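Biologist: Please take a close look at one part of this model for me. I would like to see how the aromatic rings sit, and what lies around them.

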Amino acid sequence: MNIKGSVTVTSSAPSTGDSVPDTVPARWAPDLADSNHTAEVTKHLDNVLPALESLRSQSGRLAGWGTELAKRLLAGQRLLAAGNGGSAAEAQHLTAELVGRFDDERAPFSAISLHAESSAVTALSNDYGYEEVFARQVRAHGRAGDVLLLLSTSGRSPNLLKAVRAAKERGITTWALTGAGPNPLADSCDQAVTVEAISANAQEGHLIAIHAVCRAFDAEVAKRAGSGPHSYGARQP
């Protein structure tokens, strides 16, 4: 049975006066005849394919990011990364790969997730407003020649757009990893990879993009170390 309208959701929570909908939009309405919701899962998995194809069409840019990032970090520059919500988790995944390792052993590299500084984030939000929470950290940590990578499925987060402006003041290169374009964040950064898919699948595509960048990053590090294609530097003590 297909549900054409909206499904009413009852709640015992008191009204707060905010415009929170009390119905499920029709596009979210499940097929109640499918007790395991297999169709919904299959549809979600099918929607990953456009995200993957979008990334494949931009593989050259992803490779270029990994190569350029390796050159800069090997020269002593730093990666700054930020996002909100799930995009924050994706950004932090990337910085962990660089400070730690991706596949094989190699030297650690300087990479900071700005949203992970919980005391700074809450202090800056309290004192300057959430829109300034990343911009002020960019001004504190960023130096000319660094890279700022910002992740957003919408590409419209005000705090990320302000971080771009702060980066440009400091001569920091700005890259955006977003959902479908065009969008303000992609347009304002020096370079962008836009994942042409619905929001949830675009965010899944971001993790694939991050791993692709890491592949190119490690390959360039290995090349500059004069090692083979499957060895990424000497094991650290």
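Modeller: Start with W65 and W175, which are both buried. Keep in mind that this is a predicted model. A search of the whole structure finds three aromatic pairs. W65 and W175 make up one of them, and their rings are stacked. The centres lie 4.8 Å apart, with 0 degrees between the planes. This pair ties together distant parts of the chain. W65 belongs to helix α3, while W175 sits in strand β6, which covers residues 173–178. Along the chain the two are 110 residues apart.

Now compare another pair. F109 and F217 meet edge-to-face, with 90 degrees between their planes. Here the distance is 5.1 Å from centre to centre. Again the pair links distant parts of the chain, 108 residues apart. F109 is in the loop between α4 (86–99) and β4 (111–113), and F217 is in helix α9. Are these two rings buried or exposed? The cut-off for buried is under 20% relative accessible area. F109 has 9% relative accessibility, so F109 counts as buried. F217 has a relative accessible area of 1%, so F217 is buried too.

Go back to W65, because its surroundings hold an empty space: W65 helps to line the largest cavity. A probe the size of a water molecule, rolled over the atoms, shows where such empty space is left. The search of the whole structure finds one cavity of 30 Å³ or more. The volume of the largest cavity is about 40 Å³. Which residues line the largest cavity? They are L62, W65, L94, L149, L177, A209, I210 and V213. Sorted by class, this lining has eight nonpolar residues, no polar ones and no charged ones. Two helices, α3 (59–74) and α9 (199–225), each supply at least two residues of the lining. Helix α9 gives the most, with three residues.

So α9 deserves its own look: F217 is in this helix, and α9 gives the most to the lining of the largest cavity. How many residues does α9 have? It has 27. From its first C-alpha to its last, α9 reaches 39 Å. That is close to the 39 Å expected at 1.5 Å a residue. Just after α9 comes G226, with a positive phi of about 75 degrees.

Next, follow the loop that holds F109. G100 is found in the loop between α4 and β4 as well. With a relative accessible area of 35%, G100 is partly exposed. G100 and A111 are 11 residues apart in sequence. In space they are 9.9 Å apart, C-alpha to C-alpha.

Last, look past strand β6, the strand that holds W175. The loop between β6 and α8 (184–188) contains P182. A cis peptide bond joins G181 and P182, with omega of about -5 degrees. Most peptide bonds are trans, and most residues other than glycine have a negative phi. H37 is a case to check: its phi is positive, about 55 degrees, although H37 is not a glycine. H37 lies in the loop between β2 (23–24) and α1 (38–46). Its relative accessible area is 36%, so H37 is partly exposed.

Key
Residues are numbered from 1 along each chain as its sequence is written. This is a predicted model: local features need pLDDT of at least 70, side-chain atom pairs count only at pLDDT 80 or more; totals for chains, interfaces and linings use all residues. Side-chain values use heavy atoms; hydrogens and water are left out. On a 1 Å grid over the protein atoms alone, a cavity is a set of points where a 1.4 Å probe fits but cannot get out, and a pocket is an open set with protein on both sides within 12 Å along at least five of seven lines; lining residues have an atom within 4 Å of a point. Grid points are joined across faces, edges and corners, and a volume is the space filled by probe spheres set on the points. Helices (H or I, at least four residues) and strands (E, at least two) are DSSP runs, numbered from the N terminus. Ala, Val, Leu, Ile, Met, Phe, Trp, Tyr, Cys and Pro count as nonpolar, Asp, Glu, Lys and Arg as charged, and the others, Gly among them, as polar. Rings of Phe, Tyr and Trp (its six-membered ring) pair if their centres lie within 6.5 Å; planes under 30 degrees apart count as stacked, over 60 as edge-to-face and the rest as tilted. Buried means under 20% relative accessible area, exposed over 50%, partly exposed in between (1.4 Å probe, protein chains only). The expected span of a helix is 1.5 Å times one less than its number of residues.
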